[in-house]
Amino acid sequence: MRALCWNGVNDLAVETVDDPALINPHDVIVAVGLSTTCGSDLHFIDGYLPGMRAGDVIGHEFMGEIVETGSEVTARRVGERVVVPSFIGCASCWYCAHDMWSLCDTTNPNAAAQQPMLGEPTGGIYGYTHPFGGYAGSHAQYIRVPFGDVNCFPVPDGVTDTQAVFLSDAVPTGLMGAEFCDISPGDTVAVWGSGGVGLMAAQSAHLLGAGRTIVIDRIPERLELARKHFGAETIDYSAVDSVEEVLRETTGGRGPDACIDAVGMEGHGTGVQQIYDRVKQLLRLETDRATSLRQAIHACRKGGVVSVLGIYGLTDKFPMGLVTNKSLTIRTSQQQGQRHMSRMFDYIQQGDLDPSYLITHDLPLEDAVHGYDVFKNKEEGCVRAVFRP
């Protein structure tokens, strides 16, 4: 089959690789209908996350059709159109039983490789380094899905492929981030980053009752999406002296009730701090340019919530004193797509959410290298590229 492979730092290629096969009786094989780029992929593409090997198939956000099932798969059948959460659950361990699917104790065969860095392993994830399981990714014609009965969700009538693909990762990540904020009616929620996850986090905050959502970024067309699709207020951080000051001024001097960081370790900013972070990151003295995280902590009102969706490694200059003295609550997790799936389908069927507007580039899989290039460099107005095998 054809698949998009990682061959080194910033070296991607569409190649012919072996078709996936059933390994255990709970597996299913899915013919990928759509897969999409994700900002977290850029961290290993750029070499900031270790554990990739030449020839690894990448991608973790996808939907498609079941074409083969293992002998012990009972709930799913060949021919079903399904969406698959990016983190793999087993449904049997303590964490899955408590709806913390990304922490599954069963699905990461390389858990020992994660422990020196993370202390405790996560569950497995498709196409996202060997410490995260070493699973082949979704930018391919076919993909093996372990524990198919609990990880494949039939897409109901009325939900299109272009809507369903984002229920694999972007929508549940954003929804989880908004839920972390414990939103009360009328709250002000500020979101750093207007990529796919940031837009879904801000729109979810709106759906959960926020009175105001404020989206911070520097990309005009992305900020326009936030204004157009759910009436967000926006701040172009490159056009102001201080995001924190603007947020305080627009909230009567108090600050937002909750702040969501949807950027992560390759964040952009302005001034001396950005230069300092870029130099330390290039020298591998730290892994993170944590501009958005620091700003969120500074900007959030006393007693508020900072929800962290961006992926981080080792963060320098973390303002822990502010967290304590402002009585902030920090909540973070990898997404738990399985727990949110029925709710996300309901939002779409009721007309409350249509994530397909994230698609700016609809490409054949053979053009995936170009898709990642414009996605990474924010060229051609790219928010998300989807690939069709």
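# A guided tour, one selection at a time

Helices α7 and α8 are roughly parallel to each other, because their angle of about 25° falls under 35 degrees. This is a predicted model.

**Stop 1: the helix pair**

Start by selecting residues 196-207, which form helix α7. Add residues 220-230, which form helix α8. The axes of α7 and α8 lie 11 Å apart. Look at how α7 and α8 cross: the crossing is right-handed.

**Stop 2: a salt bridge within α8**

Stay on α8 and show the side chains of R227 and E224. R227 and E224 form a salt bridge. Their closest N and O atoms are 2.9 Å apart. How far apart are R227 and E224 in helix α8? They are three residues apart, so about one helical turn separates them. R227 is partly exposed, with a relative accessible area of 37%. E224 is partly exposed as well, and its relative accessible area is 37%.

**Stop 3: a salt bridge between two loops**

Next, select R301 and D257. Their side chains meet in a salt bridge, with 2.7 Å from N to O. R301 sits in the loop between α11 (291-299) and β13 (305-308). D257 sits in the loop between α9 (243-250) and β12 (258-261). The pair therefore ties together parts that are 44 residues apart in sequence. Are R301 and D257 buried or partly exposed? R301 is partly exposed, at 22% relative accessible area. D257 has a relative accessible area of 10%, so D257 counts as buried.

Now select R76, R77 and E80. Salt bridges that share partners join these residues into one network.

**Stop 4: a buried salt bridge**

Move on to R144 and D27. The side chains of R144 and D27 form a salt bridge, at 2.9 Å from N to O. Which parts of the chain does this pair link? R144 is in strand β7 (residues 142-145). D27 is in the loop between β2 (11-16) and β3 (28-36). These are distant parts of the chain, with R144 and D27 117 residues apart. Both R144 and D27 are buried.

How many salt bridges does a search of the whole structure find? The search finds 14. Among them are the bridge between R227 and E224, the one between R301 and D257, and the one between R144 and D27.

**Stop 5: two C-alpha distances**

Select A296, in helix α11. A296 counts as buried, because its relative accessibility is 0%. Add I260, which is 36 residues from A296 in sequence. In space, the C-alpha atoms of A296 and I260 are 7.2 Å apart.

Then go to G127, in the loop between α3 (111-118) and β7. G127 is at 2% relative accessibility, so G127 counts as buried. Add S138, eleven residues from G127 along the chain. The C-alpha atoms of G127 and S138 are separated by 6.9 Å.

**Stop 6: a patch on the surface**

Finish on the surface. Select F318, M320 and I330. What do these residues form? They make a nonpolar patch, with about 250 Å² of accessible area together. Pick out M320, which lies in helix α12 (residues 320-325). M320 has a relative accessible area of 46%, so M320 is partly exposed.

Terms used:
Residues numbered from 1 in each chain as written. Predicted model: local features only at pLDDT ≥ 70, side-chain atom pairs only at ≥ 80, totals over all residues. Heavy atoms only, no water. Patch = residues over 30% accessible without salt bridge, like charges linked within 9 Å, V, L, I, M, F, W, Y side chains within 5 Å. Areas by Shrake-Rupley, 256 points an atom, 1.4 Å probe, with all protein chains shown as cover. Salt bridge = Lys/Arg side-chain N within 4 Å of Asp/Glu carboxyl O. Helix = DSSP H or I, 4+ residues; strand = E, 2+ residues; numbered from the N terminus. Buried < 20%, exposed > 50% of the residue type's maximum accessible area, 1.4 Å probe, protein only. Axes fitted to C-alpha atoms, helices over the stretch in contact; angles between N-to-C directions. Parallel < 35°, antiparallel > 145°, perpendicular 65-115°, else oblique. Left-handed = near helix turned anticlockwise from the far one by under 90°.
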